[in-house]
Amino acid sequence: MPSLKRPHVVIRGVTKRFQVGDGEVEALGRIEATIEGGAFVCLIGASGCGKSTLLRIVAGFEEPTTGEVLVDGKPVSAPGSDRGMVFQDYALFPWMTVRQNIGFGPRQRQLPRKEVDEIADEFVKLVGLEQAANRYPSQLSGGMKQRVAIARVLANHANILLMDEPFGALDALTREQLQRELLQIWARTRVTVIFVTHSVEEAALLADRLLVMSAGPGRIVADIAVDLPRPRDVSSPEFNAVRRELARRLTSHMAPARALEPVS
Amino acid sequence: MSEQATALPDATQSMPEAPSAARRRGRIAERVRSIALGVGFPLVLILLWDRAVAITGTRLVPSPREVAVMMYDFSFGGVYDDAFSATILTHIWKSMTRVYGGFFLAALIGIPLGLMIGRIRILRQLLDPTINLLRPIPVTAWLPLSMIFFGLGPNAAIFLVFLGAFYPILLNTIFGVRSVDVRLFEAAAMLGCSGSAMFREVVFPASLPAIFNGLRIAHGFAWILIVVGEMTGVPTGLGSVIMDGRTLSRTDLVVTGMIVIGVCGFVTDRIIVLISNRLLRWSPQHHA
């Protein structure tokens, strides 16, 4: 009964144009979407389709040219601690230890030191980094860094997790493990996740809703619900069906573009 | 320097595992070699200097032995018992107050100004051309004006040291701020950091490696400029000792002053490196 679920993020008529030299590039056409609280939504599309731009607009890092983004009914005007961004390149503060990075948000809220430490320790534990709590980011592996980045936004009470190809730079094994951990964290915290990826496999594994985007200008071309039970069996025929459907949607919108290219 | 460079790979791996005895022996041998080479080279230079003076028979350049005697008298007295005997600490102290007066003043103004110029575009547009216009002017060219502004005395010296130390600190700080990954500002903003907290929590620590590079260069300049600064007619200080040595044609005193400045600069530079290694232990690139 989706009507009972509250709309958490509403993207209303968002467009984005970038100034490039003398001309303008239309990065996003009109985007309309409503994302419910606690949903795990994947934005998927080829590179250049504007999926990262859309995510950055939701985060408040960029302003839409027209339209607006509403979070809990209020329009987004700037970055805020309710929306936690997890970047592909981690963006951890290199001069802070794991614990200090995770405690950064609570510290900005001027909480007493003891409370900051308690929150930091709680979230260090959530992502299983007790052994590395006093290490600096330069002493961590990619997977550990991304765990810190996730813990850092959750420790700051983010109830929307914005993830911009967060596992793109990781090796396959670490990626699988982090995908599993992310799903566990999501199940436990029930935060809303908007996850940008270009991997069909990853999107089918994680999301309960897929927004397929296509480029020139960026727009949402398909909205697919994924009802597969979790944990998902990637070798099951049902999973394969989702994957095939998703791949078809992605490529069907690339085909006309390819046809326009000169045959040489 | 080199022993820290070789220790770096271990530091980054730093799994809780004791280094084997063989590895520790290897590191000690490396360290001994590094010190032997570093100390050996100046000893060879002194030997060449001694031979060159002996072979040419010059009276204009003192031999290492004469300088050593002068150094002893300058430190403890009892040889010449003149105006310079046993006055080394007074001169070092006076010079240090000027070196560090100018240096800290430069850091105190240069770092905050650099952070703001790096971060605030309108300030950059306002000040950048002026800074780049003033920067190429040699500090020595300011000497006449500084004597008019500050008169004969220590303040003119402090001003000259300040001028020399200011630009490296300012420019490195600006460079440091400009090269901070924008993502870090975005990450901080989304975690609820803004305004002056952004300067304190992100801009400053993120620029610290570049700031320390600037401080180190500026600190070297400060010691270089002390001789120029103390040309402005102050009675004490290592620069004035050298100037006195020149007017009295006492080259042993001149060389003694040079060596003391060199040693002071060296020791204090090591202290700065120690402090920066401690504060920047998070930075894998910065164990110089």
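**Helix crossing and domain contact in a predicted model**

The model is predicted. In chain B, the axes of helix α3 (residues 64-76) and helix α11 (residues 251-279) come within 9 Å and cross at roughly 70°.

Student: Are α3(B) and α11(B) roughly parallel or roughly perpendicular to each other?

Tutor: Start from the crossing angle, roughly 70°. Angles of 65 to 115 degrees count as roughly perpendicular. The two helices α3(B) and α11(B) are therefore roughly perpendicular.

Student: Which residues in α11(B) does α3(B) meet?

Tutor: Look at the α3(B) side to begin with. It offers Glu66(B), Val67(B), Met70(B), Met71(B) and Phe74(B). Across from them, in α11(B), stand Asp252(B), Leu253(B), Val255(B), Thr256(B) and Ile259(B).

Student: How many nonpolar residues has the contact of α3(B) with α11(B)?

Tutor: Sort the contact by class. There are 2 charged residues and 1 polar residue. The nonpolar residues number 7.

Student: Now chain A. How far apart do the C-alpha centres of domain 1 and domain 2 of chain A lie?

Tutor: Place the domains before anything else. Domain 1 of chain A covers 2-82 + 159-259, and domain 2 covers 92-158. Their C-alpha centres lie apart by 26 Å.

Student: Which element gives the most to the side of domain 1 of chain A that touches domain 2 of chain A?

Tutor: The contact takes 15 residues from domain 1 of chain A and 11 residues from domain 2 of chain A. On the domain 1 side, β7 (160-164) and α6 (172-189) of chain A each supply at least two residues. The element that gives the most, with 5 residues, is α6(A).

Terms used: Residues numbered from 1 in each chain as written. Chains lettered and ligands numbered in written order. Predicted model: local features only at pLDDT ≥ 70, side-chain atom pairs only at ≥ 80, totals over all residues. Domains from an automatic or database assignment. Contact = placed C-beta atoms within 7 Å. Helix = DSSP H or I, 4+ residues; strand = E, 2+ residues; numbered from the N terminus. Axes fitted to C-alpha atoms, helices over the stretch in contact; angles between N-to-C directions. Parallel < 35°, antiparallel > 145°, perpendicular 65-115°, else oblique. Nonpolar A, V, L, I, M, F, W, Y, C, P; charged D, E, K, R; others polar.
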